[in-house]
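I opened the notebook today to look at how two chains meet. Here is what I looked up, entry by entry.

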Number of protein chains: 2
Amino acid sequence: MTGWQHIAGSDALNLNLIQRAEKLITPYIVHTPVLQSPTLNEIAGAELFFKCENLQKTGAFKFRGAVHALLHLTAEQRQHGVFTVSSGNHGAALAAAGAILGIAVKVAVPKNAPAVKKANIASYQAEIVEIEPGMAARENFIHEQARNDAQRSFIPPYDHPLIMAGQGTAALELVKAEPELDVLVTPLGGGGLLSGTAMVGHSQGMDVFGVEPELASDGWHSLQTGSIQPALPPTSICDGLLTSLGQHTFPVLQTMVNNVLLVSETEVVAAMQTLWQALKLVIEPSSATVFAAVCKYPQHFRGKRIGLILSGGNVDVTQLPWPVTQLELHP
Amino acid sequence: MTGWQHIAGSDALNLNLIQRAEKLITPYIVHTPVLQSPTLNEIAGAELFFKCENLQKTGAFKFRGAVHALLHLTAEQRQHGVFTVSSGNHGAALAAAGAILGIAVKVAVPKNAPAVKKANIASYQAEIVEIEPGMAARENFIHEQARNDAQRSFIPPYDHPLIMAGQGTAALELVKAEPELDVLVTPLGGGGLLSGTAMVGHSQGMDVFGVEPELASDGWHSLQTGSIQPALPPTSICDGLLTSLGQHTFPVLQTMVNNVLLVSETEVVAAMQTLWQALKLVIEPSSATVFAAVCKYPQHFRGKRIGLILSGGNVDVTQLPWPVTQLELHP
């Protein structure tokens with residue numbers, strides 16, 4: 001492991017770190033639009049503002065954290081390159097950020113990762129290494145890599161203050177564009193996006209909710225039990241939300257998130273189809289969880305002004321999970 | 001017919017009319033984003049800038065022209081309401097613009113119009129009248145309406161300088177955001193979007209191309225023969241491009257458009273799938289024609305900076321025309 005994880009001033013996430021991240025990464029990112037839809041407002045009985053991170057570079061908010069982390073490397077660290085383990089959006093984001101900044105990127109990808117996500121990573125000229133699926137192979141790879149090439153920095157997918165701060169810039173842009181929001185809602189996987197969003201929302205006096213699929217409810221369990229619970233078997237369609245929380249993300253969620261809301265697979269697919277139709281956006285299942293939750297839990301959302309972060313759009317458009325027979329969206 | 005069509009200063013399209021339209025409609029429209037994709041740039045061998053009118057209100061650029069036309073009505077004309085004939089995006093656009101401005105809207109819809117487009121119109125509380133498909137029924141309805149309710153203004157779908165000027169504001173926004181473009185490309189149906197775009201592009205010294213499906217090539221034939229040719233039977237998947245040119249749009253195209261390019265149905269579907277996958281946008285077949293043409297005719301586009309207007313996103317996301325076996329996009 002290199003010293004990257006211990007850069008001064010990045011010991012824990014704070015609002016200032018997110019504000020500085022925004023300045024640093026602005027030249028590299030897409031300032032994604034905030035969209036509205038009268039149709040969706042009517043379904044939800046609330047005023048919805050969608051921050052479209054599916055239109056971010058590499059098709060996901062992950063690019064924000066990745067480029068932010070790389071910008072904190074020293075010149076020497078840059079020369080030695082970076083690596084990560086990712087089945088999807090973080091790998092592509094790091095590969096693209098590395099390509100822009102001239103930093104060599106190696107990505108270990110589980111053999112069973114979706115083809116469209118592997119192709120996305122490969123399109124940015126990263127070195128790809130296939131590994132077995134699961135946490136054990138992942139940890140093995142990281143340790144082996146650190147032993148064999150100690151100069152190459154590990155860029156974790158979510159559990160680091162610089163990553164969390166980068167992801168928080170999406171919410172920062174959103175609340176600057178729409179300062180009168182009552183609530184922010186994001187998907188919850190490892191907690192990178194949610195922790196950054198929670199820090200921003202909390203500073204503005206907004207409620208903040210995370211959303212998980214019932215089939216990947218380890219985050220909800222973690223908050224209930226007060227300790228990080230392991231990820232569940234990867235059965236949910238939301239392939240971006242299958243990881244467990246981290247040491248850095250968990251405490252932020254404990255103190256700054258109102259609650260984690262759970263949605264079913266059917267509700268996710270119905271929400272996804274509805275969002276595609278109304279917003280004219282290709283979003284991945286993970287992103288649809290937020291709209292599903294806003295419809296399912298009117299006690300938290302009805303009549304309010306709600307910022308929803310659409311986290312990504314990396315889905316194979318030829319392999320869609322609908323039509324669903326009943327949308328089941330009206331609360 | 002009312003006097004609406006003869007308002008002073010709107011006898012013919014000119015750049016000033018488009019510039020004034022932009023100021024007038026800005027409070028009502030979405031300032032749609034301009035997106036780029038390295039993947040699509042590589043496929044096309046050019047630098048592409050996509051103006052995302054699928055993200056416009058009602059899911060199409062048509063809202064620009066409709067709200068612009070309504071803003072030119074007198075107070076008395078507003079009170080008497082408006083009507084149009086439209087199987088799709090213009091009807092929805094007029095309905096939505098009328099709802100915002102408090103103007104009653106009646107839309108005659110051919111019985112065979114796509115369900116998703118009829119539902120779109122209905123969602124804006126317009127009065128819907130079903131008529132038989134075809135030009136004869138359309139003309140009949142307009143004349144009957146004019147006879148029975150002479151106070152109600154007819155708002156044509158494309159063939160009027162105020163409509164054309166409203167549609168031209170999309171290109172105006174695009175060239176303001178990206179002043180160094182070499183070429184503008186739009187789909188060609190009745191010529192409302194293309195004439196407004198051509199006026200803007202021409203004023204900036206840019207080349208301007210329209211694109212039609214081979215199965216709806218009446219515009220191309222019109223320019224070849226020097227007279228407006230009737231629409232072909234509606235067999236193309238591009239349901240927004242099936243109309244013939246109009247008396248107002250045709251002369252603008254004759255003087256300010258470099259050429260009309262033709263693409264096959266297969267090319268349209270391949271382009272559509274590729275655009276959904278790379279841009280994370282839901283766009284309708286008509287919009288995909290422009291990318292298909294940029295790939296098919298490298299002699300006009302390779303190595304250049306190209307503005308493409310993605311005209312709309314009103315497509316049933318549960319009824320998709322792919323996968324196609326071979327993308328056939330590489331020139």
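How many residue pairs are in polar contact across the interface of chain B and chain A? I found 10 such pairs, both residues at pLDDT 80 or more. A polar contact here is a pair of N or O atoms within 3.5 Å; within protein, one must be able to donate a hydrogen and the other to accept it, and residues adjacent in sequence count only if both atoms are side-chain atoms.

A note on the ground rules: this is a predicted model, where local features need pLDDT of at least 70, side-chain atom pairs count only at pLDDT 80 or more, and totals for chains, interfaces and linings use all residues. Residues are numbered from 1 along each chain as its sequence is written, and side-chain values use heavy atoms, with hydrogens and water left out.

Next I looked for salt bridges (a side-chain nitrogen of Lys or Arg within 4 Å of a carboxyl oxygen of Asp or Glu). I got 0 between chain B and chain A.

Then I checked the contacts, meaning heavy atoms within 4.5 Å. On chain B, 22 residues touch 22 residues of chain A.

I also looked up the buried area (accessible area, 1.4 Å probe, that two parts lose on being put together, summed over both). Chains B and A bury about 1,800 Å² between them, and carbon and sulfur atoms give 65% of that. B:Gln277, B:Lys280 and B:Val317 supply 34% of the area that chain B buries against chain A, more than any other three residues.

Technical notes: Chains are lettered from A and ligands numbered from 1 in the order in which they are written.
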